[in-house]
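Let's take a relaxed walk through a protein model. Keep the 3D view open while you read, and turn it as you go.

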Amino acid sequence: MNVGEAITDGIRSDTGTLSAAPTPHPRPAHVHWIDAHGQDGWLTPADMAGPPRRIHSVCWVLPTAKPEHLTIAQDYDTDTERWNGITHLPWSMVRRIDYID
């Protein structure tokens with residue numbers, strides 16, 4: 001897959017949401033997702049209003065034992081073969097994956 005091509009081939013459910021592990025091995029990608037966030041203090045409904053936060057991550061997409069999540073990582077250490085900056089995104093929050101091959 002080339003830069004800019006989105007995931008396809010059975011990774012979208014009939015509802016149009018993403019599901020299932022997108023790759024059997026780590027791959028660099030640009031992932032578009034909706035952030036979950038919180039607010040502290042006493043708030044009015046107007047304080048809580050606003051559009052969802054749309055996040056763009058340039059990262060590694062990792063295979064995972066968490067089928068309900070897309071797992072991404074920021075860094076890879078070739079000496080220790082360890083990943084850093086791991087985030088598990090619920091599939092319902094992932095909007096698009098563009099692999100960078």
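Here is a short report on how this chain is put together.

## The overall layout

First things first: this is a predicted model. The secondary structure comes to one helix and seven strands. Reading from the N terminus, you'll pass them in the order β-α-β-β-β-β-β-β.

The protein has 101 residues, and 27% of them are buried. Its exposed surface is about 6,800 Å², with carbon and sulfur atoms supplying 52% of that. Now look at contacts with a separation of 6 or more: 60% of them join residues 24 or more positions apart.

## Strand 3 and its partners

Find strand 3, residues 69-73. Is it enclosed or open to the outside? Five of its five residues are buried, so strand 3 is largely enclosed by the rest of the structure. Both of its faces are covered: on one side sit His69, Thr71 and Ala73, and on the other Leu70 and Ile72.

Which strands does it pair with? Strand 2 (residues 54-62) runs antiparallel to strand 3 and is joined to it by three bridges. Ala73, for instance, is the bridge partner of Trp60. These two strands form a hairpin with six residues between them. Strand 6 (residues 87-90) is also antiparallel to strand 3, with four bridges joining the two. Here Thr71 has His88 as its bridge partner.

Take a moment for His69, which is part of strand 3. His69 has 17% relative accessibility, and because buried means under 20%, it counts as buried. Leaving out residues up to four places away in sequence, His69 touches Thr64, His88, Leu89, Pro90 and Trp91.

## The nonpolar core

The largest nonpolar core is made of twelve residues. Among them are Ala29, Val31, Trp33, Cys59, Leu70, Ile72, Leu89 and Tyr99. Strand 1, strand 2, strand 3 and strand 7 (94-99) each give at least two residues to this core.

Tyr99 has another feature to look for: the charged end of Arg27 sits over its ring, 3.9 Å from the centre.

## Aromatic rings in a cluster

There are two aromatic pairs to hunt for. In one of them, the ring centres of Trp60 and Trp83 are 5.6 Å apart and the planes are at 65 degrees, so this pair is edge-to-face. Trp60 belongs to strand 2 and Trp83 to strand 5 (residues 82-84), so the pair ties together parts that are 23 residues apart in sequence. The other pair, Tyr76 and Trp83, is tilted, with 4.3 Å from centre to centre and 40 degrees between the planes.

Put together, the ring pairs link Trp60, Tyr76 and Trp83 into a cluster. Are these rings buried, or partly exposed? Trp60 is partly exposed at 30% relative accessible area, Trp83 is partly exposed at 29%, and Tyr76 is partly exposed at 36%.

## A stop in the loop at Asp35

Last, look for Asp35, in the loop between strand 1 (27-34) and helix 1 (45-48). With 26% relative accessibility, Asp35 counts as partly exposed.

What does Asp35 touch, beyond its neighbours within four places in sequence? Its contacts there are Arg53, Ile55 and Met93. Compare sequence and space for Asp35 and Arg54, too: they are 19 residues apart along the chain, while their C-alpha atoms are 6.3 Å apart.

Notes. Residues numbered from 1 in each chain as written. Predicted model: local features only at pLDDT ≥ 70, side-chain atom pairs only at ≥ 80, totals over all residues. Heavy atoms only, no water. Buried < 20%, exposed > 50% of the residue type's maximum accessible area, 1.4 Å probe, protein only. Contact = heavy atoms within 4.5 Å. Pairing = 2+ DSSP bridges. Core = buried A, V, L, I, M, F, W, Y, C linked by side-chain atoms within 4.5 Å. Areas by Shrake-Rupley, 256 points an atom, 1.4 Å probe, with all protein chains shown as cover. Phe/Tyr/Trp six-rings, centres within 6.5 Å; stacked < 30°, edge-to-face > 60°. Lys NZ or Arg CZ within 6 Å of the ring centre and 35° of its normal.
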